[in-house]
Structures are given as structure tokens and as C-alpha cells.
Amino acid sequence: MHARLSDAFKSHPVNLQLKHQDFNSLHELPDSYAWTNNDDLYPSFLTSFGADDSVPVIDLSDTNALKLTGHACKTWGVFQVTNHGIPQKLLDDIESAGKSLFSLPVQQKLKAARSPDGISGYGFARISSFFKKLMWSEGFTIFGSPVDHFRQLWPQDYDKFCNIIEEYEKEMKMLAGRLMWLMLGSLGISMEDIKWAGSKGEFKGASAALQLNSYPACPEPDRAMGLAAHTDSTLLTILYQSNTSGLQVLREGTGWVTVPPMPGALVINVGDLFHILSNGLYPSVLHRAVVNRTQHRLSIAYLFGPPASLQISPLSKLVGPSHPPLYRPISWNEYLGTKAKHFNKALSSVRLCAPLNSLVDVNDHNSVKVG
Ligand SMILES: C=C1C[C@]23C[C@@]1(O)CC[C@H]2[C@@]12CCC[C@@](C)(C(=O)O1)[C@H]2[C@@H]3C(=O)O
Ligand SMILES: O=C(O)CCC(=O)C(=O)O
Ligand SMILES: [Fe+2]
């Protein structure tokens, strides 16, 4: 019997969701939410104010899109896309669905709480268990049908919300497929090299989760953390951050760089599984979300991965005598379990050989050099 993604956390349950409180009732930052540099694994003071180093923006209708994508993945691990074909109406609909969800009373939201060993439902981000301080955010993860949870949240009109999610996932899946081919194509990989992509290259058996993140306005944003620095355990992530800034990526030699919201654009992150697939050529990007004093912020992440139990390993075309495979084969299912156990050391725990110079290896987030 094949392992299912929803079983990935069975051996590492987290028990955080019941401590949830109503952010709107907090007019001062409680100590439990006040972060110092010691509480974070990556230095916070390295914020970059220079505008000279900015996240690439790629117009998907540009004839150079393949080359630009390759360059962005290699040098940044993140880029924004325009002309992606996702209707603005759908982005507006999912944004208002998210707003409607998070503005429900806490007791109502808790009816759809994520179980300690589950994937789907309402709660703190899974990675919260690795930190002493709480994050100034709440999340809702959708994996598979959201109907049971949505019936709890909106007994009258859950159907309407289910339809929006279904439509959004359908569109995201198609876009994720297009982006995969751009990223793979830029590495010289073609459809024949990826058996699981299917005969039409549509990645039929792929799995994905949808994560709605809510960051309420915060009385002391400089001392709070929306979502602590992490890489995504995905092949790629498609993020809609609407019009409020908050997403930052860690850039070698520069520090934290804000990804500015652009009307209608989507942010694409390279995830850990693509890092493995590309044998470290396209490194996954460390990112975090900061909060602000006046505006509530919502983001929607489509976390795209391979079939749950398919073994992912460095592509054979990218390995050879002078490029040994850097990572052992691992399934998404197993990788999520590894992440739940080792968090920021998950990728290096899958690594086969030590980097030549471990101090300057850009592909190993445990030795990232900044400043
Ligand atoms: C498939 C998944 C990736 C994710 C854990 C999850 O089961 C669903 C939520 C995802 C998310 C979103 C916020 C950041 C993150 C690190 C977390 O705690 O939950 C990611 C997880 C991940 O990419 O490892
Ligand atoms: O809210 C954001 O901008 C980032 C969200 C994120 O990193 C995630 O959901 O994995
Ligand atoms: Fe993320």
C-alpha cells in the first residue's frame, strides 16, 4: 500500500492549535509573540534597503521566458510572473473567501482545527513547533476536499466556497505544469526525461496543498514575526500575496529583500524537491513574512509537489563523473516527515556528500552566508 501525503505527519504530531486566541483583542504585543534575534534561526537585522537588487519579474508571454526563468531560478530561487493566465476574478474570489474565513469568530474557526497529526484545517503554521515564540499569523491548509471543514465553518453556503477552491486548484495545477516545463526546459530536460509527467506532460498524478495565511495588523510589527524563515518542501510554490507587502527572501550577500506586491502578479518559489531534482542547481529559497501596524495581510500559497510516494532524486541528465548526485532519493511523503522532524536541517539530512567548501555552499541553507 502506498503512503498517502495525509499520513506524512503521523509520526511527528504537533499540538499547538488549541492555544489560538483572537488577535483583534490584543492591543499590545504579548511576550509570547515578541521575537528577539535569538528566537529566529536567521538574522533579522540584515534587511536590505537598497533597490538595486530586486526579485526578477518574468512576463510569461515573453519569447525569452525560458532563459529568464533559468537565470531567476539559479540566482534567486524566486521570481514574479505576469501574463500567467489566471483570471483576476478568481484571484479576487479566493482573496475574499480567505478574508471571510479568517474573520469568523475564533470558536467557529476552531471547529475546523487541524488535528495534531493531520495536514488539513485551521491552526498555526506547522513549523511553529520549532520556535519558542508564537507567530503573528493564522493559517488554513487544504489538502483534498475541503467540504467537511467548510461545512463546519459555513453551514449555509459552504458550497460556494468549495467551488472557488476547486476552480483555483484547477487553474493553479495548469500553471504549475507550465512553470515546471519552463524550469525543467531551462535545465535542458524534456518530457521524455520525466516519466511521471504523463504522455501530454500534464503532471496528472501530482499532489498539491493550498495554504491560506492571514497576518492581522500588529501593534508592534518590529518585534513580531508573521511566518518565520523557511524553505517550502515543494517542487515549486505559487503565491498570491494580493496588494500588501510582507514577503521577504534571503539573498546571499544582501540580506532580506522584500518581494513587492505587483497588481495581478504571482510569486514563484523554488522548493526543496526541485532543489534535489536539479541536483542543487536551482536552490530553494529561504523566505519569511513580516507584519505591519495598520493593514491585515492575506496570502495564498499553492504548494505543488510530485505524487506522494514517488521517489525524487537528482535527474540523471544532470549527474555525471564530475557532477555526482548530491541527494539521495526521497518521496514527498517522506520529505514532509523529515521536515517535521528536522525543519531547516531537512535538506542537508538528505544530502549524500559534503559540499567541497561547506562555508560557501549556496545550496546548503545551514551554511548560508549573508552580509
Ligand atoms: C504540503 C505541505 C507543505 C507545508 C506543510 C504542508 O503539509 C501544508 C502546509 C505547508 C506549509 C505552509 C506554511 C509554511 C510551511 C513551512 C508550514 O509550516 O506549512 C509549509 C510546509 C512546507 O513547505 O514544509
Ligand atoms: O505570506 C507569505 O508571503 C509567505 C507564505 C509562505 O511562505 C507559505 O505559505 O509557505
Ligand atoms: Fe513558504
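**Exercise 1. The iron site**

Task: In this predicted model, work out how the donor residues of the iron ion (ligand 3) are spaced in sequence, and state which atoms coordinate the iron ion.

Solution. Begin with the sequence pattern: the donor residues of the iron ion (ligand 3) follow the spacing H-x1-D-x54-H. Next, assign residues to that pattern, since the iron ion is coordinated by NE2 of H230, OD of D232 and NE2 of H287, at 2.1 to 2.2 Å. Then place the two histidines in the fold: H230 belongs to strand β6 (residues 227-230) and H287 to strand β11 (residues 287-289), so the pair ties together parts that lie 57 residues apart in sequence. Finally, consider their exposure, for which buried means under 20% relative accessible area. H230 has a relative accessible area of 10% and is therefore buried, and H287, with a relative accessible area of 5%, is buried as well.

**Exercise 2. The surroundings of ligand 1**

Task: Identify which residues are closest to ligand 1, and describe which polar atoms of R126, I127 and S233 approach the oxygen atoms of ligand 1.

Solution. The first step is the shell, in which 14 residues surround ligand 1, the closest being F9, R126, I127, D232 and S233. D232 is also one of the residues that coordinate the iron ion (ligand 3). The second step is to separate backbone from side-chain approaches. From the backbone, an N or O atom of R126 lies 3.1 Å from an oxygen atom of ligand 1, and an N or O atom of I127 lies 3.2 Å from an oxygen atom of ligand 1. From a side chain, an N or O atom of S233 is 2.5 Å from an oxygen atom of ligand 1. The third step concerns burial: ligand 1 taken alone exposes 460 Å², of which the protein buries 95%. Ligand 1 sits in the largest cavity, and helix α7 (residues 332-342) supplies the largest share of the shell around ligand 1, namely three residues.

S233 itself can now be placed: S233 lies in the loop between β6 and β7 (236-240), and at 9% relative accessibility S233 counts as buried. In addition to the approach to ligand 1, the side chain of S233 makes a polar contact of 3.3 Å with the side chain of K339.

**Exercise 3. The surroundings of ligand 2**

Task: Establish which residues come nearest to ligand 2, and which elements give two or more residues to the shell around ligand 2.

Solution. Start with the shell of 13 residues around ligand 2, of which N213, Y215, H287, R297 and S299 come nearest. H287 is also a donor to the iron ion (ligand 3). Continue with the polar side-chain atoms: an N or O atom in the side chain of N213 is 2.9 Å from an oxygen atom of ligand 2, while the corresponding separations are 3.2 Å for the side chain of H230 and 2.8 Å for the side chain of R297. Taken alone, ligand 2 exposes 300 Å², and the protein buries 95% of that. Ligand 2 sits in the largest cavity. As for the elements, β5 (207-215), β6, β11 and β12 (297-305) each give two or more residues to the shell around ligand 2.

**Exercise 4. Positive phi in loops**

Task: For F203 and N279, determine what phi value each residue has, and decide whether F203 and N279 are buried or exposed.

Solution. Recall first that most residues other than glycine have a negative phi. F203 has a positive phi, near 50°, and N279 has a positive phi of about 55° although it is not a glycine. Locating the two residues, one finds F203 in the loop between α5 (158-185) and β5, and N279 in the loop between α6 (272-277) and β11. For exposure, F203 counts as buried at 0% relative accessibility, and N279 is buried with a relative accessible area of 8%.

**Exercise 5. Two residues at the surface**

Task: Find where N24 and D148 are located, and decide whether N24 and D148 are buried or exposed.

Solution. N24 is found in the segment before β1 (57-59), whereas D148 belongs to helix α4 (residues 147-153). Exposed means over 50% relative accessible area; at 61% relative accessibility N24 therefore counts as exposed, and D148, with a relative accessible area of 53%, is exposed too. To complete the picture with distances, the C-alpha atoms of N24 and G177, 153 residues apart along the chain, are separated by 39 Å, and the C-alpha atoms of D148 and C162, 14 residues apart along the chain, are separated by 10.0 Å.

Notes: Residues are numbered from 1 along each chain as its sequence is written. Chains are lettered from A and ligands numbered from 1 in the order in which they are written. This is a predicted model: local features need pLDDT of at least 70, side-chain atom pairs count only at pLDDT 80 or more; totals for chains, interfaces and linings use all residues. Side-chain values use heavy atoms; hydrogens and water are left out. Donors are N, O and S atoms within 2.8 Å of the metal (3.2 Å for Na, K and Ca); water is not among the atoms, so sites may look incomplete. Helices (H or I, at least four residues) and strands (E, at least two) are DSSP runs, numbered from the N terminus. Buried means under 20% relative accessible area, exposed over 50%, partly exposed in between (1.4 Å probe, protein chains only). A residue is near a molecule or strand if one of its heavy atoms lies within 4 Å of it. A polar contact is a pair of N or O atoms within 3.5 Å; within protein, one must be able to donate a hydrogen and the other to accept it, and residues adjacent in sequence count only if both atoms are side-chain atoms. Accessible areas come from the Shrake-Rupley method with a 1.4 Å probe; for residues, only the protein chains shown count as cover. On a 1 Å grid over the protein atoms alone, a cavity is a set of points where a 1.4 Å probe fits but cannot get out, and a pocket is an open set with protein on both sides within 12 Å along at least five of seven lines; lining residues have an atom within 4 Å of a point. A molecule sits in a cavity or pocket if more than half of its atoms lie within 2 Å of its grid points.
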